[in-house]
Amino acid sequence: MAEFKQTACILCSENCGLEVEIKDGHMARIRGDRKHPSTQGYLCEKAQRLDYYQNHADRLLQPLRRRENGSFEEVSWDTAIQEIPENHLHFRHPILEAPDGPLAEQEIYLRLSKTIGADFATNPLLGPMAQLQQHPAMADLSEEMRVAAAPILMASMMYVEKHSEAVKRAGIQGEGPELGVALFQEIISNLSGVAISLHEYEDTFSLIETEDGKIHLVVESMLNWINELQDESATPVESSQYPFVLSAGERRSSNATTTYRNPLWRRTDPEGALHIHPEDAASLGVQDGDRLVCQSERGEIEVTAEFDEDLRPGHVTLPHGFGLAYAKEGEERQVHGPLINLLTASDHCDPVAKTPYHKHVPVQLSKIVV
Ligand code: SF4
């Protein structure tokens, strides 16, 4: 009788429980482990092919180095490790004229800082970048390219301050700021990328910038916060005013390609509906397709309800990427779908990284009666 051994799949973070029959050093049969407490026999198709990944004739067993003609040659591990420290950088250059409207990232920051009244001339990052647009190294660039290239010049200057020897080993010549300018010119004039530094293998540990030269895996502030989570009563999930938990920004069938374009591209979920459990909908007197107001402490938006039995009662979701304004030829721009950022608040956030709790927004829902 075949003997199956219990193990777990490590192809993704679900770590589904597996039972595997081994024959002649191969995983002859693979099935889901029904006794696994969380995955209970589930297995996706990737795990069913584990033996194929493990023993396929084309599986890489040695490092490969690309030859100049694009083919590959096997090299030893020692050679691979010696060659890895060559650092390459590749900025994509514009291949089309930008239409009127889109701005370089740097220009967006400058305009934002002006709008909020920040003095960007004295900002330690933005101030020097505005000056760098006038640097002689920019002389041959258009006004637009100067804006986009200033951060690269600044990064080049900062990089050579730390890694001048490694930059010179990559064949870039100069001293001090001149080396930074030379590096910048190499970067912007090589359309297919360029080696910007070549570190010796021995340099590796000197690149760790902590005082004791060790990598610190413990982030005290994060652990303190995780410990506080143990007392769940300290963070009430619901309130009578905002009884639902909204996951704002659910990934559904749309991606940037469809949300940026004509809304007709989105044949599924064209309105970016609010998914709600039928029991919750019944308690609000709401039918599938009804319009609702979804209100958080920060703001409110109108949404369309869609029943979803896979949700837990009390939990509702709205999709990511909607709320963009799209204009058909000759028409005014119109916003399509829920603009979820109106519901999230920047101060209701993770205390360490300051990321707003997009996936945990207390909201209330009310039916729009017409
Ligand atoms: S079986 Fe599929 S879902 Fe489960 S851990 Fe493996 S890859 Fe992930």
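1. Let's start with Gln106, which lies in helix α4. Keep in mind that this is a predicted model. Gln106 comes out as partly exposed, because 18 C-beta neighbours sit inside 10 Å of it, and 20 or more would be needed to call it buried. Setting aside residues within four places in sequence, Gln106 is in contact with Met129, Val147, Ala148, Ala150 and Pro151. Take Pro151: it is 45 residues from Gln106 along the chain, yet their C-alpha atoms are separated by 7.7 Å.

2. Several of those partners take us to helix α6, residues 143–169. Which residues of α6 are buried? The list is Val147, Ala148, Ala149, Ala150, Leu153, Ser156, Tyr159, Val160, His163, Ala166 and Val167. So Gln106 in α4 touches three residues from that list, namely Val147, Ala148 and Ala150. The cover over the buried residues of α6 includes α4 (105–115), α5 (126–132), α7 (176–189) and β7.

3. Have a look at the course of α6 too. With 27 residues, a straight helix would reach 39 Å at 1.5 Å a residue, but the end C-alpha atoms of α6 are only 33 Å apart. Where is the kink in α6 centred? It is centred on His163, and the bend there is about 100°. His163 is also one of the buried residues of this helix. Just after α6 ends, Gly171 takes a positive phi of about 95°.

4. Next, β7, which is part of the cover over α6. This strand runs over residues 194–198 and contains Ala195. Is Ala195 buried or exposed? Neither quite fits: Ala195 counts as partly exposed, because it has 16 C-beta neighbours inside 10 Å. Beyond its neighbours within four places in sequence, Ala195 is in contact with Glu86, Asn87, His88 and Ala170. Ile22, on the other hand, is 46 Å from Ala195 in space, C-alpha to C-alpha, and 173 residues from it in sequence.

5. Ile22 brings us to the sheet at the start of the chain. Three strands make an open, antiparallel sheet in the order β1-β2-β3. Its edges are β1 (4–8) and β3 (26–32), each of which pairs on one side only. On average, and ignoring direction, neighbouring strands here are turned by 35° against each other. Six bridges hold the antiparallel pairing of β2 (residues 17–23) with β3, and Ile22 stands opposite Met27 in β3.

6. Further along, β8 (residues 244–250) has partners of both kinds. How many bridges join β8 to β12? Five, with the two strands running parallel, β12 being residues 315–319. Within that pairing, Ser247 has Thr317 as its bridge partner. With β15 (residues 361–367), β8 runs antiparallel and is joined by three bridges; here Val245 stands opposite Pro362.

7. Finally, the whole chain. It has ten helices and 15 strands. Its radius of gyration is 28 Å, well over the 21 Å that the globule rule gives for 370 residues, so the chain is more spread out than a compact globule. The C-alpha trace spans about 75 × 75 × 50 Å along its principal axes. Of the 370 residues, 17% count as buried. As for contacts with a separation of 6 or more, 55% of them are between residues 24 or more positions apart.

Note on methods:
Residues numbered from 1 in each chain as written. Predicted model: local features only at pLDDT ≥ 70, side-chain atom pairs only at ≥ 80, totals over all residues. Helix = DSSP H or I, 4+ residues; strand = E, 2+ residues; numbered from the N terminus. Buried ≥ 20, exposed ≤ 12 C-beta atoms within 10 Å, placed from the backbone. Contact = placed C-beta atoms within 7 Å. Pairing = 2+ DSSP bridges. Axes fitted to C-alpha atoms, helices over the stretch in contact; angles between N-to-C directions. Rg over C-alpha atoms; globule rule 2.2 N^0.38 Å. Expected span 1.5 Å × (residues − 1). Bend = angle between axes of the 7 residues up to and from the residue.
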